[in-house]
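Trainee: Could we go through the pockets and the ligand together? I would like to know what stands behind each label.

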Amino acid sequence: MKFFVDTADVNAISDLAATGLIDGVTTNPSLIAKSGRNFFEVIADICSIVPGPVSAEVAATDHETMLAEGRKLATIAANVCVKVPLTIDGLKTCKALSDEGTKVNVTLCFSPAQALLAAKAGATFISPFVGRLDDIGQDGMDLISDTVQIYRNYEHIQTEVLVASIRSVPHLVESARLGADVATLPPDVIKKLFNHPLTDKGLAAFLKDWEATGQSILG
Ligand code: G3P
């Protein structure tokens, strides 16, 4: 499974990229606004930090303008992945950009039918939003299960399932259990993946016992 960071906070991305465990980054207009930075500058910075796909989302809603915006965003860096919403115009734009060889992440996916359309439009990634489905009392994981199963029925579908709107470690673990290709995680959720109280307890006991030996590995 690939791990992407879901943020436009360059400092958070740099810290996590240093682990060597980050395969890409996703942003959206809300995350860009939260960064308080110029869109093109922050995407360029992120692309210089993480060599994997960096999603930068268009702001228009009509196909013609989305296409122009997507083409412009793609010039920022070779690893920019243009993000478009799952609308008719968004999928028309996805088809046009993917036919030109530009990677496209289709976002705001909330149904298996939408996911199937995105694959037909040549999406590089489909972003089903699990947390927002949970928020309205549905089980977001059902969408991941359905999408992974449907895509597996058609060997020509190369679209990767990029689980988004992840709010917890169980969301990540269940996504991996279901066979999703990518998870995009807020920095605070990524940090929770490392933590377990028994790891902390066991390490403390190891260090206490090692100290009692009076030895040093480096001399
Ligand atoms: O990548 C999409 C993600 O940023 C949305 O997350 O928590 O706002 O539903 P959330």
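Mentor: Gladly! This is a predicted model. Let's begin with the lining of the largest pocket, to which helix 2 (29–35) and strand 5 (104–109) each supply at least two residues.

Trainee: What makes helix 2 stand out in the lining of the largest pocket?

Mentor: Helix 2 gives the most, with three residues. The whole lining counts 19 residues, and Asp-6, Asn-28, Leu-31, Phe-129 and Arg-132 lie nearest the centre. The volume of this pocket is about 330 Å³.

Trainee: How do you know where the ligand sits?

Mentor: The test asks that more than half of a molecule's atoms lie within 2 Å of the pocket's grid points. The ligand sits in the largest pocket.

Trainee: Why is Asp-6 said to make a polar contact with the ligand?

Mentor: An N or O atom in the side chain of Asp-6 is 2.6 Å from a ligand oxygen atom; the cut-off is 3.5 Å, so the pair counts as a polar contact. Ser-165 also has a side-chain N or O atom 2.7 Å from an oxygen atom of the ligand, and for Arg-167 the distance is 2.8 Å. On its own the ligand has 310 Å² of accessible area, of which the protein covers 81%.

Trainee: What makes up the shell around the ligand, by class?

Mentor: Two nonpolar, two polar and four charged residues. Among them are Asp-6, Lys-83, Arg-132 and Arg-167, which count as charged.

Trainee: Which residues line the second largest pocket?

Mentor: Asp-6 and Leu-31 are among them, as are Lys-34 and Pro-187. That pocket has a volume of about 180 Å³, and helix 2 provides the largest share of its lining, three residues.

Technical notes:
Residues numbered from 1 in each chain as written. Predicted model: local features only at pLDDT ≥ 70, side-chain atom pairs only at ≥ 80, totals over all residues. Heavy atoms only, no water. 1 Å grid on protein atoms, 1.4 Å probe; cavity = no way out; pocket = protein on both sides within 12 Å on 5 of 7 lines; lining within 4 Å. Points joined across faces, edges and corners; volume = space filled by probe spheres on them. Helix = DSSP H or I, 4+ residues; strand = E, 2+ residues; numbered from the N terminus. Near = heavy atom within 4 Å. Polar contact = N/O pair within 3.5 Å; in protein donor to acceptor, adjacent residues only side chain to side chain. Areas by Shrake-Rupley, 256 points an atom, 1.4 Å probe, with all protein chains shown as cover.
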